[in-house]
Amino acid sequence: MYDLVANETDFLVVDKHPGVDFHSQSGEAGLAAQLQQNLGYPVFAVHRLDTLTSGLLLFAKSSEAAHQLAKRFSERRIQKFYLAIAKGKPTKKQGKIQGDMAKSRRGQFKLMRSQDNPAITRFYSHALQEGLRLYLLKPETGKTHQLRVALASLGTPILGDQRYGGGDADRGYLHAYCLSFEYNSTHYHYRSPPSQGKMFLTDNCQSCINTEWFSPEHLDWPTR
């Protein structure tokens with residue numbers, strides 16, 4: 001279900017595998033329950049990932065640590081960076097996607113033109129092959145399905161994301177790649193490139209991830 005990335009004094013960092021449910025479903029233990037069972041002590045979820053999404057997750061070891069870390073998320077003091085592979089030709093190859101999100105049909109969300117409480121995502125992209133691009137995403141808000149909706153709004157649904165038109169694939173190609181934040185006067189940075197998915201593992205994709213996108217927190221992110 002996961003790989004343990006870091007075991008700090010107040011929190012854990014795990015790399016969730018794709019296709020794993022965060023919550024328990026139909027009597028089957030989800031990632032959070034399985035992690036707690038494996039560790040033998042309680043842990044507290046700080047944030048979550050959709051079932052199709054792999055990558056980095058924080059779990060606090062106490063309710064106080066959970067409160068402090070959740071507060072940092074709500075105040076946008078934890079930088080999160082994601083990788084995605086999406087189908088089609090985007091309406092723009094880098095920039096900012098911003099708009100309110102509203103519920104749509106069949107459990108979907110849609111991006112609106114209004115800006116009352118907008119979802120904000122900055123991104124870069126890199127051509128992989130005809131009809132496929134790799135995306136580096138920096139969400140500045142934490143709305144449900146935000147990144148999936150953001151890429152679908154460009155006309156480029158995430159590969160393997162059937163809910164938003166990404167079709168069939170060996171996995172859903174969305175991965176929580178990096179976390180960067182301050183906690184108790186210490187800076188923490190975690191980087192975990194995707195290890196599953198044949199398209200993530202191609203030479204072209206790996207080269208981009210491990211060279212120009214190696215340190216996403218230091219990039220000059222687009223503002224428009």
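**Exercise 1. The largest pocket**

Task: For this predicted model, state what volume the largest pocket has, which residues lie nearest its centre, and which elements supply its lining.

Solution. The first step is the volume, which for the largest pocket comes to about 790 Å³. The second step is the lining, which consists of 31 residues, with Arg-48, Lys-80, Tyr-82, Gly-142 and Lys-143 lying nearest the centre of the pocket. Sorting this lining by class gives nine nonpolar, 13 polar and nine charged residues. The third step assigns the lining to secondary structure: helix 2 (63-74), strand 5 (78-87), strand 10 (132-139) and helix 3 each supply at least two residues, and the largest share, four residues, comes from strand 5.

**Exercise 2. The surroundings of strand 5**

Task: Determine which strands pair with strand 5, in what sense and over how many bridges, and explain why strand 5 is described as largely enclosed by the rest of the structure.

Solution. Begin with strand 11 (residues 174-183), which pairs with strand 5 in the antiparallel sense over seven bridges; within this pairing, the bridge partner of Lys-80 is Leu-179 of strand 11. Turn next to strand 10, where the pairing with strand 5 is likewise antiparallel and runs over six bridges, and where Leu-136 stands opposite Leu-83. The last step is burial: eight of the 10 residues of strand 5 are buried, so the strand is largely enclosed by the rest of the structure.

**Exercise 3. The second largest cavity and Thr-121**

Task: Find which residues line the second largest cavity, and then describe where Thr-121 is placed and what it touches.

Solution. The count of cavities of 30 Å³ or more comes to two, and the second largest holds about 30 Å³ of space. Its lining is formed by Ile-97, Gln-98, Met-101, Leu-111, Ala-119, Thr-121, Gln-146 and Ala-150. Strand 6 (95-99), strand 9 (119-129) and helix 3 (146-153) are the elements that give two or more residues to this lining, whose composition by class is five nonpolar, three polar and no charged residues.

Now single out Thr-121, which is placed in strand 9. With a relative accessible area of 1%, Thr-121 falls under the 20% limit and therefore counts as buried. Beyond four places in sequence, the residues that Thr-121 touches are Gly-95, Lys-96, Ile-97, Leu-137, Lys-138, Pro-139, Gln-146, Leu-147 and Ala-150. With one of these, Gln-146, the side chain of Thr-121 makes a side-chain polar contact of 2.8 Å. As a final step, relate Thr-121 to Gly-142: the two are 21 residues apart along the chain, and their C-alpha atoms are separated by 9.6 Å.

**Exercise 4. Helix 3 and two positive phi values**

Task: Establish which residues of helix 3 are buried, and decide whether His-145 and Asn-184 are buried or exposed.

Solution. In helix 3 the buried residues are Gln-146, Leu-147, Arg-148, Val-149, Ala-150 and Leu-151; with six of its eight residues buried, the helix is largely enclosed by the rest of the structure. The helix is followed by Gly-155, which has a positive phi near 80°.

For the next step, recall that most residues other than glycine have a negative phi. His-145, in the loop between strand 10 and helix 3, has a positive phi near 60°, and its relative accessible area of 10% makes it buried. Asn-184 also has a positive phi, near 50°, and is placed in the loop between strand 11 and strand 12 (186-191). At 53% relative accessibility, Asn-184 counts as exposed.

**Exercise 5. The largest cavity and His-17**

Task: Give the volume and lining of the largest cavity, and identify which side chain shares a polar contact with that of His-17.

Solution. The largest cavity has a volume of about 60 Å³. Its lining is made up of Asp-3, Asp-15, Lys-16, His-17, Pro-18, Ser-54, Arg-171, His-175, Pro-193, Pro-194, Ser-195 and Gln-196, which divide into three nonpolar, five polar and four charged residues. Within this lining, His-17 sits in the loop between strand 2 (11-16) and helix 1 (31-39). Leaving aside neighbours within four places in sequence, the contacts of His-17 are Met-1, Tyr-2, Asp-3, Thr-53, Ser-54 and Gln-196. The last step narrows these to the polar contact, which at 3.1 Å joins the side chain of His-17 to that of Asp-3.

Key:
Residues are numbered from 1 along each chain as its sequence is written. This is a predicted model: local features need pLDDT of at least 70, side-chain atom pairs count only at pLDDT 80 or more; totals for chains, interfaces and linings use all residues. Side-chain values use heavy atoms; hydrogens and water are left out. A polar contact is a pair of N or O atoms within 3.5 Å; within protein, one must be able to donate a hydrogen and the other to accept it, and residues adjacent in sequence count only if both atoms are side-chain atoms. Contact means heavy atoms within 4.5 Å. On a 1 Å grid over the protein atoms alone, a cavity is a set of points where a 1.4 Å probe fits but cannot get out, and a pocket is an open set with protein on both sides within 12 Å along at least five of seven lines; lining residues have an atom within 4 Å of a point. Grid points are joined across faces, edges and corners, and a volume is the space filled by probe spheres set on the points. Ala, Val, Leu, Ile, Met, Phe, Trp, Tyr, Cys and Pro count as nonpolar, Asp, Glu, Lys and Arg as charged, and the others, Gly among them, as polar. Buried means under 20% relative accessible area, exposed over 50%, partly exposed in between (1.4 Å probe, protein chains only). Two strands pair if DSSP finds at least two bridges between them.
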